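Work through the exercises below with the model open. Try each task before reading its solution.

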Amino acid sequence: MIGITSVGAYIPRYRLSGEEIGRMWRTRGKGEKAVAGYDEDTVTMSVAAALECMKGLSAPEALYYATTTAPYKEKQAASIVAGACDLDKTCRTADFTNTLRAGTTALLAAVDAVKAGASSAIVTASDCRLGAPMGRFESALGDAACALMIGLTDLLASIEGSYSVFGEFSDVWRTSKDNFLQSGEGRFIEEMGYLPAMREILSDTMKNYSLAPADFAKVVFYAPDARGHASIAKGLGFDKAQVQDPLYDAIGNTGTAAALIMLVAALEGVSPGDRILFAGYGDGCDALILRVEKRPSGRTMKDRLAKKVNIDYGSYLVWRDLVEVEPPSLPERPAPSLSSRWRMRDTISSLYGFKCRKCGTPQLHPLGQIVRVCVECQAKDDFERYKFSDKTGKLFTYAIDMLQPTKNPPGLNGVIDFDGGGRMICELTDYDLEKAQVGMPVQMTFRKMSQERGIINYFWKAKPIE
Amino acid sequence: MESIKDKVAIIGMGCTRFGERWDAGVEDLLVEAAYEAFEDAGVAPKDMQAAWLGTVFSGMSAMTLSPLGLQFIPITRVENMCATGSEALRGAAYAVAAGVCDMALAIGVEKLKDSGLTGVRGPAVVGDNPDGSACIGSGYSAPASFAYLGTRYFHHYGIDRDEGKELLAKIAVKNHQHGSLNPKAHFHNVITVEQAVKAPIVAWPLGLFDCCGVSDGAAAAIVVRADMAKNFRSDPIYIKGMAISAGARQGSMRPAYDYVHIDENVFAGQQAYAQAGVKDPRKEISCAEVHDCFSTNELIVYEDLGFSRRGGAKEDINAGAFTLQGDLPINTDGGLKCFGHPLGASGLRMLYEMYKQLQGKAGPRQVKNPRLALTHNLGGNAGAGIGCVVIVGNELK
């Protein structure tokens, strides 16, 4: 049987509240939206979700990355994610983009891949959409990522059926020149777009499989907002208890990731044998019928939402490049060299260093150079690759650095000693400054570095283990 | 292996006023420092048989020295990060010791303030390629890499944050006090411990007064065979020991490195002491200039060079041991903190002060009856450094 074998979700720790947005624009706002850190994007969040999802499993043979906010217009993001996850080069990678439905479409493609013989396939869905300041989408759109592994054994939920329709409809869009989400008139896009389409896919899917609302423990589906969500649930005859909370009050509408994140949350609240009706929306709909096999172990959605830090509106503007700020009067750092980054691709993508075959010392060069001579025993060219990205470590010493280029000053950087050996000097991220101390346990996280001209300079930072 | 001891003498030195020298270009700084040295030695530019020029950013080749108009002699441009000035001296001194020339010029210069920026650009920003292009591009600053020493030192020796900040402040207060007595220094203001402790943070635990000045300047030395020195002046200064130790980034890669000392300092110090025959540096060294680019570095250098016992810098600082009134005055000219830090010039600037001290010409900063003086110059940072120690004396024996 084919189904979901593992789940992962990444909710960035930062929140912007409706109240804070309201303070800026003298409006009344409520709820909160999750905001990606200044050094995060859909690629880094997808890596975080995928690494959580893949933990302890054998590597997937396909990785599909779904988003409407890929960092590049031309250049695949799935291969960056696959590289950071240290997948084999034979892993099939693809980007699914340009529609909010990309998440469920990628999921169905992963199911097809496994049906066609792949041992497993992973799907990531993530978004960082921007609503224009002072506009209705500003407080509505949140940032997050989700990952689901599709495979054949040890299932969390089997996939009993699916049904998809396409439907060209201009409700929300961004042309290649738009920074902010555009949309049609509110009632029109709801009454003639989302509501009939979602109603139809849910009821037709149930009809196709001769099932009724009472046959489902949970119904999980995308909606543009909480009101639309409630309206669908009521119209189709599901009770409140059956309807999965869209989490929009807590993290906002996370776009491509939204339905999948709801599904991850729903899987925590069901029992083996239960059915879930699940649907994504965007230029049509995809629906799936899932049968629960067991509950996921590990972190719950509640755990993932628990650690949060509210930011002010000014930080939000700066992090999302919505305001021009005075450049520091410090010398500009050099632009990344593509050829040197290519030579160091192993280190950059999944933080590979070296382990001396003679003395066994793990080592990572601070300049990002290839280690040719062992720092411990001076043996030449006698190394095996050694991965640091999955190692935890401890902060040996640090500086709270006002001169570090960061959009969330002051910077924190320091010397990390990895458990199992090896040392790295690097930036930290997602820290509480007052908790910074010698000996603090850290893990590695894939982020965007501040120095990026032309290309996006992804690399690894350390973050406190909470 | 022979020691450099007593083979080479310094017969003339020059040093410009350091600071934001809007009035002076590289050419002006070079001419100002070199001609002070020529006049001090009573020699002419045409007497130079070879020259070593140290600069990190202010020129690429030997021709950077062309403002002096030297006529077709061998000139070598050297670079060893912040130890570049000492590197120029090494080249000139070794050439004289080798007998390939009898008189050579060592000169260092840096013009940092034409950039229009407040900091120092660095091709060797950690995470970048040495050619200036970036590979990984970790964004931490130069002060941060020295802040690591402070954070770890405080942790290692159980010094709380307030006490640690105060300890660093006392080093800055001392150097400002010394700098205030020096017309050539970049800064002349006297500060209090409270001012230093409360100053804006640059890279915790380093505040504004824990960080040296970004300055323009040049310094020069004329070296000759020791046996010729008295032909030029009655009070030449002799090189007693000179050692450099370059790390291979061991500290940045090996968890065994503790960030409360710098191996490169220790090795350079031990070699220079051995050459000079110094057994007890605290007693035998009369005064020293050490590399206080950040006050944490001066703190650990006290211990690395054996002026204080390991972990004992605190008691020596609190006792005022390294002030002009103490038993081993350090950074009598204000140090990098107050005199300023034009990278390529600093090593020779340190030597200039020790030269003047040993000749009894340091004016209000004069140390009583100095015999042996030391300069310590550090390139790079903790974990990846170049330590250089030079010992000079005013007696030949």
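The exercises go from conventions to domains, then to the chain contact and some backbone details.

This is a predicted model: local features need pLDDT of at least 70, side-chain atom pairs count only at pLDDT 80 or more, and totals for chains, interfaces and linings use all residues. Residues are numbered from 1 along each chain as its sequence is written, while chains are lettered from A and ligands numbered from 1 in the order in which they are written.

**Exercise 1. Overall size of chain B**

Task: Test the radius of gyration of chain B against the globule rule.

Solution.
- Step 1. Take the radius of gyration over C-alpha atoms; the rule is 2.2 Å times the number of residues to the power 0.38.
- Step 2. For 397 residues, a compact globule would come out near 21 Å. Chain B has 19 Å, which agrees.
- Step 3. Add the extents. The C-alpha trace of chain B spans about 55 × 45 × 40 Å along its principal axes.
- Step 4. Add burial. A residue is buried if 20 or more other C-beta atoms lie within 10 Å of its own, exposed if 12 or fewer, and partly exposed in between, with C-beta atoms placed from the backbone. By that count, 63% of the 397 residues of chain B are buried.
- Step 5. Count secondary structure. Helices (H or I, at least four residues) and strands (E, at least two) are DSSP runs, numbered from the N terminus. Chain B has 12 helices and 11 strands.

**Exercise 2. Domains and their contacts**

Task: Describe how the domains of chain A and of chain B touch.

Solution.
- Step 1. Set the bounds, which come from an automatic or database domain assignment. Chain A splits into domain 1 (3-319) and domain 2 (346-464). The centres of these two domains of chain A, over C-alpha atoms, are 32 Å apart.
- Step 2. Count the contact in chain A. Two residues are in contact if their C-beta atoms, placed from the backbone, lie within 7 Å. Domain 1 of chain A puts in 18 residues and domain 2 of chain A 14.
- Step 3. Find the main contributor. On the domain 1 side in chain A, α2(A) gives the most, with four residues.
- Step 4. Turn to chain B. Domain 1 is 8-111 + 218-229, and domain 2 is 142-211 + 233-393. Their centres are 24 Å apart over C-alpha atoms.
- Step 5. Count the contact in chain B: 36 residues from domain 1 and 33 from domain 2. On the domain 1 side, α2(B) has the largest share, seven residues.
- Step 6. Classify that domain 1 side of chain B. Ala, Val, Leu, Ile, Met, Phe, Trp, Tyr, Cys and Pro count as nonpolar, Asp, Glu, Lys and Arg as charged, and the others, Gly among them, as polar. The split is 23 nonpolar, 10 polar and three charged.

**Exercise 3. Where chain B meets chain A**

Task: Which element of chain B gives the most to the side that touches chain A?

Solution.
- Step 1. Count residues. The contact joins 41 residues of chain B to 47 residues of chain A.
- Step 2. Rank elements. α3(B) gives the most, with seven residues.
- Step 3. Classify the chain B side: 21 nonpolar, 15 polar and five charged.
- Step 4. Check the helix length. The expected span is 1.5 Å times one less than the number of residues. The 15 residues of α3 (142-156) of chain B should span 21 Å, and the end C-alpha atoms are 22 Å apart, which agrees.
- Step 5. Check cover. In α3(B), 13 of the 15 residues are buried.
- Step 6. Look for strand pairing, which needs at least two DSSP bridges. β18 (393-401) of chain A pairs with β5(B) in the antiparallel sense over two bridges. I400(A) stands opposite W204(B).

**Exercise 4. Backbone details**

Task: Where are the cis peptide bonds, and are L247(A) and Q378(A) buried or exposed?

Solution.
- Step 1. W204(B) and P205(B) are joined by a cis peptide bond, with omega about 5°. P205(B) sits in the loop between β5 and β6 (206-207) of chain B.
- Step 2. P409(A) and P410(A) are also joined by a cis bond, with omega about 0°. P410(A) is in the loop between β18 and β19 (411-418) of chain A.
- Step 3. L247(A), not a glycine, has a positive phi near 65°. L247(A) counts as buried because it has 21 C-beta neighbours inside 10 Å.
- Step 4. Q378(A), not a glycine, has a positive phi of about 65°. Q378(A) counts as exposed because it has 11 C-beta neighbours inside 10 Å.
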